[in-house]
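Please look at the chain and its fold before reading on. The paragraphs below take the parts one at a time.

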Amino acid sequence: MLAAVVKVLASRRYPGPAFEELEDVEVGPLEPREDVDGLIVANEPVPLEMFPSLRIVANYGVGYDRIDVAACAAQGVVVTNTPGVLDAATADLAFALLLAVRRQIVAGDRFIRSDDWNGSWSESGLAEELSGSTLGIVGLGRIGSAVARRARGFDLRVLYTRRRPADSELGEYRELDALLTESDLVSIHAPLTAETEGLLDARRLALLRDGAVLVNTARGEIVDEPVLVAELVSGRISAGLDVFAHEPEVPSELLELPNVVLTPHIGSATRQTREAMTQLVVDNLLAVERGDPPLTPVTLAG
Ligand code: 8YV
């Protein structure tokens, strides 16, 4: 017997050719639908009561912090995400932010565009070099490991934390407080969970060295944002921020600061990666349609 085609509602038209593989897909807002058995969302909360026939929520992204996985499981709804395919793009962006902050790339670009360059400007402030620094990776998972591998090419010493402490040839394990104290550069690669929300609180941010650079391509809520803003306004530390606690709101104080580089949540936003994410979303939906296990299910244990 042929499996029934999954009737899919997608919160937007996701990029790439794989989207066309879905035979019965509609793009539109999450509104009550009796006939929908598959949803594609980008970490948007799913009102389960609106979809009585739902079998699968395919999340377009690795982070699924806004999806109530326990409630889905209780109703027999499978949740999938897109691990692995966005590691390189996100690690590249973390490095781009580290380099941009350390080498004052955005300030240099602005300086040229403002027509103020008269041949020399470096006297007004020499940059700190990246090479030879100590990089602390908060969360040595898939993306954190991709960052650590890139760090080798920049002659960085790598320290890391991870959920279940274990040795890695990619660096030296540290407790979080020690990592923050010893690092010149800190890059966050942990998922947002009850344990990591507010992980970098006022006490921990104060452990950062004077002149340290904090890069966040994970989730804004992992850092106490008002305290981070105060630290940045004081000029004690610098930051490269791709994520914010209340997106798309960005604290207005940050907009004028020379020690901050801002990007609009673009860690996975390359054509190759976004297309691969769509492919994995579609492959998960088609697996469920065939009656096969999903490729990348989210488990309750995380
Ligand atoms: C977004 C992300 O999902 O994977 C994640 O956790 O935050 C991103 O890849 C993507 O930007 C679509 O919203």
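What follows describes the sheets, then the helices, then some details of the loops and the ligand site.

The model is predicted. A general point helps with the sheets: strands of a sheet pair through backbone hydrogen bonds, and the pairing is either parallel or antiparallel.

Begin with the sheet of 5 strands. This sheet is open, its strands pair in parallel, and their order is β2-β1-β3-β4-β5. Which strands lie at the edges? They are β2, residues 25–27, and β5, residues 78–80, and each of them pairs on one side only. On average, and with direction ignored, neighbouring strands of this sheet are turned by 20° against each other. One pair can be followed in detail: β4, residues 56–59, runs parallel to β5, and 3 bridges link the two. Within that pair, A58 has T80 of β5 as its bridge partner.

A helix packs on this sheet. Helix α8, residues 271–290, touches β1 (8–10), β3 (38–41), β4 and β5, and its direction makes about 165° with the direction of β4.

Now turn to the other open sheet, with 7 strands. Here the pairing is parallel and the order reads β8-β7-β6-β9-β10-β11-β12. The edge strands are β8, at 172–173, and β12, at 260–262; each pairs on one side only. Inside the sheet, β9 (residues 185–188) and β10 (residues 213–216) run parallel and are joined by 4 bridges. In one of the places to look, S187 has V215 in β10 as its bridge partner.

Next come two helices that meet. The axes of α2, residues 87–102, and α4, residues 142–153, come within 8 Å and cross at roughly 55°. The two helices are therefore oblique to each other. The crossing of α2 past α4 is right-handed. Which residues make the contact? On the α2 side they are D87, A88, T90, A91, A94 and F95, and on the α4 side R142, I143, A146, V147 and R150. Sorted by class, this contact has 7 nonpolar, 1 polar and 3 charged residues.

Two loops hold details of the backbone. In the loop between β11 (238–241) and β12 is P248. The peptide bond that joins E247 and P248 is cis, with omega at about 5°. The other loop lies between β3 and β4, and N43 has its place there. Phi of N43 is near 55°, which is a positive value in a residue other than glycine.

N43 appears again at the ligand. Which residues are around the ligand? They are A42, N43, Y60, G61, V62, G63, L86, H265, G267 and S268. By class, this shell has 4 nonpolar and 6 polar residues, and no charged ones. To find the site in the view, start from N43 in the loop between β3 and β4, then look for the other residues around the ligand, including Y60, L86 and H265.

Note on methods:
Residues numbered from 1 in each chain as written. Predicted model: local features only at pLDDT ≥ 70, side-chain atom pairs only at ≥ 80, totals over all residues. Near = placed C-beta within 6 Å. Nonpolar A, V, L, I, M, F, W, Y, C, P; charged D, E, K, R; others polar. Pairing = 2+ DSSP bridges. Axes fitted to C-alpha atoms, helices over the stretch in contact; angles between N-to-C directions. Parallel < 35°, antiparallel > 145°, perpendicular 65-115°, else oblique. Left-handed = near helix turned anticlockwise from the far one by under 90°. Contact = placed C-beta atoms within 7 Å.
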